[in-house]
Structures are given as C-alpha cells and as structure tokens.
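Morning, everyone. Please have a look at the structure on the screen. I'll walk through it piece by piece.

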Amino acid sequence: MFTVERNLRGHHGAITSLAFSPNMKQLISCSTDKSIILWGLQQKMKAFRFTGHSSSVNDVCFAPAGNLMASCSLDGSLAVWIPNITGESTFWKGHQAAARSVAFTPDGRQILSASDDKTIKLWNVHKSKFVASFNSHTNWVRCTRPSPDGNQMVSCADDRTIKLWDLKSGDCIHTFYEPKAQGNYVEFHPSGTCIGTALANGVVKIYETRMRKVLQLYEIHNGPVHCLSFHPSSGNYLITGSQEGTLKVLDLMEGRPSYTLYGPKGAVHSVKFSPDGDYFATGGADNEILVWKANFVQVPDAADVSSNNKASVKTKIRPSIAPGLQGVDVKKIVASSVTEDRQDIEDASVNSKRSSSTEEVDLSKKTMEMQISQPLEQTGNENKTEREKRLEMIIHDLVSQVDVLTNTLLALEQRVTFIEDQQKENLGPGTSYLGEKLSNVSPPL
C-alpha cells in the first residue's frame with residue numbers, strides 16, 4: 001500500500017521542513033545546512049540550491065499559486081523567493097530571536113511567522129511590510145498555521161498551550177492547555193473544523209474548534225512527535241513523524257492507528273502530503289528525503305454518495321481515545337530500498353540579484369510584485385522615495401527600541417529605590433546604619 005518512489009540526497013544537514021508545489025512538479029526542502037533545495041519531480045528537471053540565510057533554515061512553504069516560496073531561519077530572518085534559477089529574493093529581519101515557522105495565508109497575499117521571541121507576526125508580501133503582531137504566548141512559539149478559509153490561525157508554544165486566533169481582529173479566541181508537554185507542530189484539518197497537534201510526549205491530539213474540546217487522542221509514539229499532515233482531499237487520514245524514526249498512519253474515521261512505516265534512519269522532522277494526496281514526503285536527521293506513494297481508498301457512507309457532499313466526508317471524525325497499540329491491528333511496513341536519486345543541483349544564488357545594497361533589494365522586490373500579478377511602475381525618483389521611506393521606517397524602529405530600553409531602565413531604577421526604602425523600614429530606626437548601631441553600644445567598664 002505504501003512504497004518509496006524516490007530517495008533525494010543533496011543536503012549536508014538534517015532536513016527541517018518540506019513542501020510540494022501546487023502543480024506537483026517540484027518539492028522544496030530546507031535544512032540545518034543553511035540552504036533550501038528546489039527538487040524537480042519530473043524527469044530531466046534540475047534541482048536548484050538557494051542560499052542566503054546565515055543560520056539553519058527552520059521552515060519553508062509555497063504560495064498557493066506556486067509562484068513564490070517563503071522561508072524562515074534560526075537567525076530570525078524571513079525570505080520570499082522566486083522558485084527558478086535566478087534565485088531572486090527579498091529578505092527582512094522578521095524577529096528578534098529564531099524564527100521557527102512560516103506560512104502563506106490562503107490568498108497568498110500575507111505571511112505568518114512564529115518565533116522564539118514569543119510572538120507571531122503577520123506580513124504583507126506585496127509590500128514586504130509588517131502588518132500585525134500576536135503576543136499572547138509566554139514562551140517560544142514553535143508553529144503557526146492559517147485555517148483553510150483564512151479567517152483563523154492556530155499556534156503552539158513551549159508554554160504548553162495551543163491557541164486559536166481570529167486573524168482579522170487579532171484576538172485569541174480560545175486556548176487549549178496541555179499540562180504534560182508542549183506542542184511541536186499544529187495544522188488545520190482540511191474542513192477547518194479540527195486541529196491536529198503533535199506533542200513532545202509522544203501524543204497526537206485532534207481538537208474540535210467549534211466545541212473546543214479534544215475529539216481524538218493517540219498515544220502512539222515513544223518519543224516526541226515532530227510533525228503531522230492531514231490527507232488533503234478526504235481528511236480521513238493523518239500521518240505523523242517522531243523522534244524515534246517511525247511514521248504512523250492514523251485512520252481518523254475508525255479512530256485508530258492503521259500502519260507503522262519504517263524507512264528514515266533517524267528522527268523524522270517533517271512529513272507532508274502532496275496536494276492531490278497521492279504522495280507524501282518525509283525528511284529528518286538522516287539528511288535524506290523519501291517520496292512515498294500512498295494508495296488510500298476512500299469509502300464514503302451511503303448518505304454521502306447519494307448527496308455527493310464531500311464536505312460531510314471531511315468532517316465525520318468520530319471521538320476516539322487510542323492509548324497505545326495494545327489490542328490494535330497495526331500493519332508494519334518497511335520501506336524497500338530505492339536507488340539514490342542523483343539530481344544535478346545548481347546553485348541558484350549565483351545568479352541572484354539579491355544583495356545587501358538597497359537598490360538591488362528594490363530590484364528583487366519589483367520582480368516579486370510582478371510575480372503576484374500586481375503591476376508596478378516605478379521611475380528613478382520613485383525608487384529614491386521608496387529608499388527614503390525605508391530609512392524612515394528603520395529610524396522609527398530604532399527610536400522605538402531606544403524608548404523601550406529607556407522605560408525599562410526607569411522601571412528598574414524605581415524598583416531598586418522601592419526595595420531600598422523597604423529595607424530601611426524593615427531595619428527600623430537605630431539599626432539602619434552600622435554607625436548608629438555602634439553608637440548605641442555602651443563602652444566597656
């Protein structure tokens with residue numbers, strides 16, 4: 001039922017994230033080796049390596065139209081790339097700490113990013129501009145993903161909470177608390193009515209967003225669960241990957257694990273279904289990417305066949321608790337050996353127009369804007385105005401940071417003064433100073 005079709009090698013570090021292009025012709029991967037590789041999934045297609053981040057690249061994704069891709073890095077930077085040999089890109093400093101997660105909104109016009117600075121930020125792709133910040137988490141934010149309709153988003157953090165947000169108002173709608181372990185990864189079910197959560201204690205939970213309760217729980221892994229992916233067309237299956245190096249296929253309709261897949265030689269950091277659900281890719285600590293063929297058989301209910309209502313098939317996930325695998329018929333599948341797929345990997349960054357100079361960044365930005373079908377006509381004077389606006393924004397940000405530091409120092413000074421006054425009151429008169437203590441002592445006879 002599951003077979004490995006391809007084995008892609010080219011990274012020199014652990015694979016951290018994967019994503020299929022919407023047209024299924026390419027696969028993108030990122031790694032701790034600071035690079036991104038765009039793999040060709042069709043014959044005679046070359047692979048391109050993109051470089052620019054100064055540290056490990058933590059997450060990568062395609063825009064819904066497939067014309068752009070985004071990445072985030074341990075150095076706190078975000079980047080938007082054009083997926084071709086030119087490697088043109090726009091970089092900006094997105095966070096004050098490591099950026100862990102990046103995702104396009106369904107309309108492709110905005111990007112969500114999550115960071116160790118405890119914030120989630122929303123960015124405008126067309127303007128490369130900050131839009132809003134979501135600041136309810138109290139510890140590192142591991143992952144954030146938008147809902148299929150783009151009205152909500154979900155996030156998980158090391159504060160052991162999973163939060164559901166309203167993207168338009170910026171309000172936190174609900175908080176799910178995890179008392180035993182933090183969430184490493186979250187994702188919306190294709191119907192938008194459920195959330196899948198991968199936890200660090202080996203547990204996978206499915207939350208219902210309307211009733212705001214746990215719908216399914218699976219204790220299926222012996223180590224932290226790093227990733228999961230819902231089947232995109234039916235939503236009836238879920239694949240998970242963990243630190244122990246195994247993959248679990250969950251049948252959400254039956255409410256039980258169905259298969260255990262062996263293939264990766266180390267921890268699985270990313271698993272992702274293709275847009276049509278016929279394939280899925282895995283990557284992790286062994287620096288390899290496995291592309292699997294999946295033959296899921298969709299068997300809808302009679303009522304669903306008569307009404308031809310696909311949405312009802314997606315949402316019929318019954319409540320289930322699966323505490324381990326005892327008494328459950330789980331088939332074990334070992335990946336057959338596949339010859340290494342040696343693609344010529346060409347360095348796209350060599351031909352990139354990206355540079356540290358403001359003028360060349362504007363050129364790459366112009367190309368980005370053309371890619372998202374928003375016409376842009378600029379003269380030399382308008383480019384100068386744009387540079388002046390950027391400088392003003394930088395100066396404004398610096399002034400704001402100085403104000404924050406000044407207010408912090410003032411608060412610290414007030415706190416120190418308050419503590420000193422309390423100490424004097426506690427010591428009382430005649431004992432505040434060593435000189436006064438000595439003066440109260442009678443001289444010896």
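**Strand S27 and its neighbours**

Let's start with a pairing: S27 and strand S28, residues 288-294, run antiparallel and are joined by five bridges. Keep in mind that this is a predicted model. One bridge to pick out: phenylalanine 280 has tryptophan 292 in S28 as its partner. Now the turn. The hairpin of S27 and S28 has three residues between the strands. Asparagine 287 in this hairpin takes a positive phi, near 65 degrees.

Next, S26. S26 and S27 also run antiparallel, with five bridges joining them. Here serine 270 has glycine 283 in S27 as its bridge partner. The hairpin of S26 and S27 has five residues between the strands. In that hairpin, glycine 277 has a positive phi near 80 degrees.

How many of the six residues of S27 are buried? Five of them, so by the under-20% cut-off for relative accessible area, S27 is mostly covered.

**Phenylalanine 280 and the aromatic cluster**

Stay with phenylalanine 280. Its place is in strand S27. Is phenylalanine 280 buried or exposed? Its relative accessibility is 0%, so phenylalanine 280 counts as buried. Isoleucine 239 lies 41 residues away along the chain, yet the C-alpha atoms of phenylalanine 280 and isoleucine 239 are separated by 9.1 Å.

Now the aromatics. Searching the whole structure gives ten aromatic pairs. Take phenylalanine 2 and tyrosine 259. Their ring centres are 5.1 Å apart. Their planes stand at 75 degrees, so this pair is edge-to-face; the cut-off for that class is over 60 degrees. The pair links distant parts of the chain. Phenylalanine 2 is in strand S1, residues 2-9. Tyrosine 259 is in strand S25, residues 256-262. That is 257 residues apart.

Are these two buried or exposed? Phenylalanine 2 has a relative accessible area of 5%, so it is buried. Tyrosine 259 has 14%, so tyrosine 259 is buried too.

Phenylalanine 2 has another partner: phenylalanine 280. Here the ring centres are 6.1 Å apart. The planes are at 70 degrees, so this pair is edge-to-face as well. It also links distant parts of the chain, with phenylalanine 2 in strand S1 and phenylalanine 280 in strand S27, residues 279-284. The separation is 278 residues.

Which residues form the cluster? Phe2, Tyr259, Phe273, Phe280 and Trp292 form one aromatic cluster. Two of those names we met earlier as bridge partners: phenylalanine 280 and tryptophan 292.

**Two open sheets**

On to the sheets. One is an open sheet of four strands. Its order is S6-S7-S8-S9, and the pairing is antiparallel. At the edges are strand S6, 57-62, and strand S9, 89-93, each pairing on one side only. From one strand to the next, the twist averages 15 degrees. Within this sheet, S6 pairs with strand S7, residues 69-73, in the antiparallel sense over five bridges. For example, valine 60 has serine 71 in S7 as its bridge partner.

There is another open sheet of four strands, in the order S14-S15-S16-S17, again with antiparallel pairing. S14 and strand S17, 172-177, stand at its edges. Why does each have a side without a neighbour in the sheet? Because each has a single partner strand. Neighbouring strands in this sheet are turned by 15 degrees against each other on average, direction ignored. Strand S15, residues 152-157, and strand S16, residues 161-166, pair in the antiparallel sense over five bridges. In S16, lysine 163 is the bridge partner of serine 155.

**The second largest pocket**

Last stop: a pocket. The second largest pocket has a volume of about 980 Å³. It is lined by 32 residues. Which are closest to its centre? Phe62, Arg145, Glu187, Pro232 and Lys272.

Several strands each supply at least two residues of this lining. Among them are S6, strand S2 at 15-20, strand S10 at 99-104 and strand S14 at 141-146. The list also includes strand S18 at 183-188, strand S22 at 225-230 and strand S26 at 268-273.

And the make-up of the lining? By class, it has 22 nonpolar, six polar and four charged residues.

That's the tour. Thanks for listening.

Conventions. Residues numbered from 1 in each chain as written. Predicted model: local features only at pLDDT ≥ 70, side-chain atom pairs only at ≥ 80, totals over all residues. Heavy atoms only, no water. Pairing = 2+ DSSP bridges. Axes fitted to C-alpha atoms, helices over the stretch in contact; angles between N-to-C directions. 1 Å grid on protein atoms, 1.4 Å probe; cavity = no way out; pocket = protein on both sides within 12 Å on 5 of 7 lines; lining within 4 Å. Points joined across faces, edges and corners; volume = space filled by probe spheres on them. Nonpolar A, V, L, I, M, F, W, Y, C, P; charged D, E, K, R; others polar. Phe/Tyr/Trp six-rings, centres within 6.5 Å; stacked < 30°, edge-to-face > 60°. Buried < 20%, exposed > 50% of the residue type's maximum accessible area, 1.4 Å probe, protein only.
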